[in-house]
Amino acid sequence: MSDQLSAHAKWAGLSDGLYLAKGRCPSTIARHLDDCLGQPEQVLDAGCGTGAVLASWPRDIERCGFDHDPGLVQYAAQRTEPKLRFEIGTFNQPPAGSFQSVLALFAALQYVLDDEARQRAVLALQSRVAHGGALAIELGPDPDTMHPPAATWTRWRAADGQWWLRRAMASTEDQTLVIDFEFHRGGPASPVVHRDTHRIQPVTRRWWIALFPEPSWAVRFDHIPGGGPLLIATRT
Ligand SMILES: C[S@@+](CC[C@H](N)C(=O)[O-])C[C@H]1O[C@@H](n2cnc3c(N)ncnc32)[C@H](O)[C@@H]1O
């Protein structure tokens, strides 16, 4: 892979094994979403990352994933199927069209740190939801309920041997969570192979709910298997 890739794209090939080790199985998540969203015919995945959830969808429906990281989109696009496509795009300018389900999984929208910018992103995603369809947002850290661990280790076996990930969290003065990832091969004392830092803004449930006013939207909650709470807003 070239040096032009983002830190996240450089470890994209490790993410399937890592997510499974953390109990976050893409096909279980896709099956759950298909059921709880009423078997949609078109799905748009915002901030799709490596595209694993769309590629694992249990039915052969129209699926489009987009992400602002070109390296991740390039990685996702290796998952070729006739009705599956991946594009470079931002939350503010999602691919054109109307979709029965729009997803934003694994706290993707909380990578937008500024409240007003995140609100604009949610409005742009709402504009892609068909009438009767839903926007499903997996919620990440919530300042009302969070107790982030200082550091955790995850170990898993990949085709090229054993990997270890150290994930350390700290919050800044403005409460942004800074998450440092260090990937080691072989054992925790071995040299760091990949480093990455993600910044995530904790957001309260009240903040999300206020973006989906009645009678245009009906909000309910579910849960992503192995993940976080799922806000499902249906366009009435
Ligand atoms: C934690 S990852 C989640 C990836 C994927 N949804 C999953 O469930 O594994 C967050 C993703 O959001 C993407 N992202 C962050 N800000 C974005 C933006 N403004 N527009 C589009 N994608 C964005 C990142 O590149 C990253 O792939």
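P94 is buried in this predicted model, because 20 other C-beta atoms lie within 10 Å of its own, and 20 or more is the mark for a buried residue. You will find P94 in the loop between β3 and β4. Leaving aside neighbours within four places in sequence, P94 is in contact with L44, A46, F66, G89, A124, L125 and R128. For a sense of scale, P94 and T152 are 58 residues apart in sequence, while their C-alpha atoms are 34 Å apart in space.

**The seven-stranded sheet**

The loop that holds P94 runs between β3 and β4, and both strands belong to an open sheet of seven strands. Following the sheet across, the order is β3-β2-β1-β4-β5-β11-β10, and the pairing is mixed. At the edges sit β3 (84–88) and β10 (217–223), each of which pairs on one side only. Neighbouring strands of this sheet are turned by 20 degrees against each other on average, direction ignored.

As a reminder, strands of a sheet pair through backbone hydrogen bonds, either parallel or antiparallel. The table lists some of the pairings in the model, with a pair of facing residues for each.

| Strand pair | Sense | Bridges | Facing residues |
|---|---|---|---|
| β1 and β4 | parallel | three | D45 and L103 |
| β5 and β11 | antiparallel | five | L135 and A233 |
| β10 and β11 | antiparallel | seven | D222 and L230 |
| β6 and β7 | antiparallel | eight | T154 and L165 |

A few residue ranges help when you trace these strands on screen. Strand β1 covers residues 42–46 and strand β4 covers residues 99–104. Strand β11 spans residues 229–235, and β5 spans 129–138. The hairpin of β10 and β11 has five residues between the strands, and there G226 takes a positive phi near 75 degrees.

**Helix α6 and R118**

Which strands does helix α6 lie across? It lies across β1, β4 and β5, running at about 140 degrees to β5. Helix α6 covers residues 115–126, and R118 is one of its residues.

Is R118 buried or exposed? R118 is buried, since 20 other C-beta atoms lie within 10 Å. Apart from neighbours within four places in sequence, R118 is in contact with L109 and V112. R118 and Q201 are 83 residues apart in sequence, yet the distance between their C-alpha atoms is 10.0 Å.

**The four-stranded sheet and helix α2**

There is also an open sheet of four strands, in the order β6-β7-β8-β9, and here the pairing is antiparallel. Its edge strands are β6 (151–158) and β9 (192–200), each pairing on one side only. The twist from one strand to the next averages 20 degrees. Within this sheet, β6 is joined by eight bridges to β7, which covers residues 161–171, and T154 stands opposite L165 in β7.

This sheet has a helix across it as well: α2 lies across β6, β7 and β8 (177–185) and runs at about 120 degrees to β6.

**Two domains and where they meet**

The domain assignment of the chain gives domain 1 as 7–140 + 203–235 and domain 2 as 152–200. Taken over C-alpha atoms, the centres of domain 1 and domain 2 are separated by 23 Å. How many residues of each domain are in contact with the other? It is 14 residues of domain 1 with 13 residues of domain 2.

On the side of domain 1 that touches domain 2, the elements giving two or more residues are α1 (7–10) and α2 (12–21). Helix α2 gives the largest share of that side, four residues. By class, the side of domain 1 that touches domain 2 has eight nonpolar, four polar and two charged residues.

**Around the ligand**

The model also holds a ligand, and 16 residues surround the ligand. Which residues are the closest? They are G47, G49, H68, F106 and Y111. Sorted by class, the shell around the ligand has ten nonpolar, four polar and two charged residues.

How values were computed:
Residues are numbered from 1 along each chain as its sequence is written. This is a predicted model: local features need pLDDT of at least 70, side-chain atom pairs count only at pLDDT 80 or more; totals for chains, interfaces and linings use all residues. A residue is near a molecule or strand if its C-beta atom, placed from the backbone, lies within 6 Å of it. Ala, Val, Leu, Ile, Met, Phe, Trp, Tyr, Cys and Pro count as nonpolar, Asp, Glu, Lys and Arg as charged, and the others, Gly among them, as polar. Domain bounds come from an automatic or database domain assignment. Two residues are in contact if their C-beta atoms, placed from the backbone, lie within 7 Å. Two strands pair if DSSP finds at least two bridges between them. Axes are lines fitted to C-alpha atoms, for helices over the stretch in contact, and angles run from 0 to 180 degrees between N-to-C directions. A residue is buried if 20 or more other C-beta atoms lie within 10 Å of its own, exposed if 12 or fewer, and partly exposed in between; C-beta atoms are placed from the backbone.
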